[in-house]
Amino acid sequence: ALPILHHKRGEVGSGRTALDAKYLHSVLQVVNKSKEILILGPGSAKLELIKHAHQHDPKIAENIVGVETVDHPSDKEILAYARKFFYKVDQML
């Protein structure tokens, strides 16, 4: 999930608007039955999702086991990264 960019000529600011709470909630509902959740991707949207989970869905937040910054990964890269990550998590348990 990428943050929504909003630029207006002559205005001071980062040009970023907060992600919609309804969108964040819908993302969490997709993973609500997952026992282990890895969040990855570019930018700060990951942190907004985690903050939303802690504020509104603490049971889901408890299942977040990792957060990694990865610059625009392909589907194959996401799968490879998840396999490697969860293999390490399984070895620690």
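Ile39 is buried in this predicted model, with a relative accessible area of 9%. The residue sits in strand β1, and its surroundings offer a convenient way into the fold. Leaving out residues up to four places away in sequence, Ile39 touches Lys46, Leu49, Ile50, Ile64, Gly66, Val67 and Glu68. One of these partners, Ile64, lies 25 residues from Ile39 along the chain, yet the two C-alpha atoms are separated by 7.5 Å. The burial of Ile39 fits the setting of its strand: β1 spans residues 37-41, and because four of these five residues are buried, β1 is largely enclosed by the rest of the structure.

Strand β1 has a partner in β2, which covers residues 64-69. The two strands pair in the parallel sense, and five bridges connect them. Within this pairing, Leu38 stands opposite Gly66 of β2. Leu38 can also be related to Val65, a residue placed in strand β2: the C-alpha atoms of Val65 and Leu38 are 5.9 Å apart, although 27 residues separate the two along the chain. As a general point for reading such strands, side chains in a regular strand alternate between the two faces of the sheet.

It helps to step back to the chain as a whole. The protein chain contains four helices and two strands, arranged along the sequence in the pattern α-β-α-α-β-α. Of its 93 residues, 27% are buried. The accessible surface comes to about 7,200 Å², and carbon and sulfur atoms account for 55% of that area. Contacts that span long stretches of sequence are well represented: among contacts between residues at least 6 apart, 61% join residues at least 24 apart.

Ile39 also belongs to the largest nonpolar core, a set of 12 residues. The other members are Leu19, Leu24, Leu28, Ile37, Ala45, Leu49, Ile50, Ala53, Ile60, Ala61 and Ile64. At least two residues of this core come from each of α1 (21-30), β1, α2 (45-56) and α3 (58-61). Helix α2 gives the most, with four residues. Leu49, a member of the core, illustrates how these elements meet. Beyond residues up to four places away in sequence, Leu49 touches Leu24, Val27, Leu28 and Ile39.

A further set of contacts involves helix α4, which runs over residues 75-92 and includes Phe85. Phe85 counts as buried because its relative accessibility, 16%, falls under the 20% limit. Outside the four nearest places in sequence, Phe85 touches Leu38, Val65 and Gly66. The link to Val65 spans 20 residues of the chain, with the C-alpha atoms of Phe85 and Val65 separated by 9.7 Å. Val65, for its part, has a relative accessibility of 35% and so counts as partly exposed. Its contacts, again setting aside neighbours within four places in sequence, are with Glu36, Ile37, Phe85 and Phe86.

Phe85 and Phe86 deserve a joint look, since the structure holds one aromatic pair. The ring centres of Phe85 and Phe86 are 5.3 Å apart and the ring planes meet at 90 degrees, so the pair is edge-to-face. Val65 is in contact with both of these phenylalanines.

The loop between β2 and α4 contains His72. His72 has a positive phi of about 50 degrees, although it is not a glycine. With a relative accessibility of 52%, His72 counts as exposed, whereas Phe85, in the helix that follows this loop, is buried.

Finally, a word on confidence, which bears on how these details are read. The pLDDT of the protein chain averages 82, and 80% of the residues score at least 70. Among the elements of the chain, α3 has the highest mean pLDDT, at 96, and α4 the lowest, at 88. Over residues 1-7 the pLDDT is below 50; this stretch nevertheless has 19 contacts in the model beyond near neighbours in sequence.

Definitions and conventions
Residues are numbered from 1 along each chain as its sequence is written. Side-chain values use heavy atoms; hydrogens and water are left out. Buried means under 20% relative accessible area, exposed over 50%, partly exposed in between (1.4 Å probe, protein chains only). Contact means heavy atoms within 4.5 Å. Accessible areas come from the Shrake-Rupley method with a 1.4 Å probe; for residues, only the protein chains shown count as cover. Rings of Phe, Tyr and Trp (its six-membered ring) pair if their centres lie within 6.5 Å; planes under 30 degrees apart count as stacked, over 60 as edge-to-face and the rest as tilted. Two strands pair if DSSP finds at least two bridges between them. A nonpolar core is a set of buried Ala, Val, Leu, Ile, Met, Phe, Trp, Tyr and Cys residues joined through side-chain atoms within 4.5 Å. pLDDT is the predictor's confidence in each residue, from 0 to 100.
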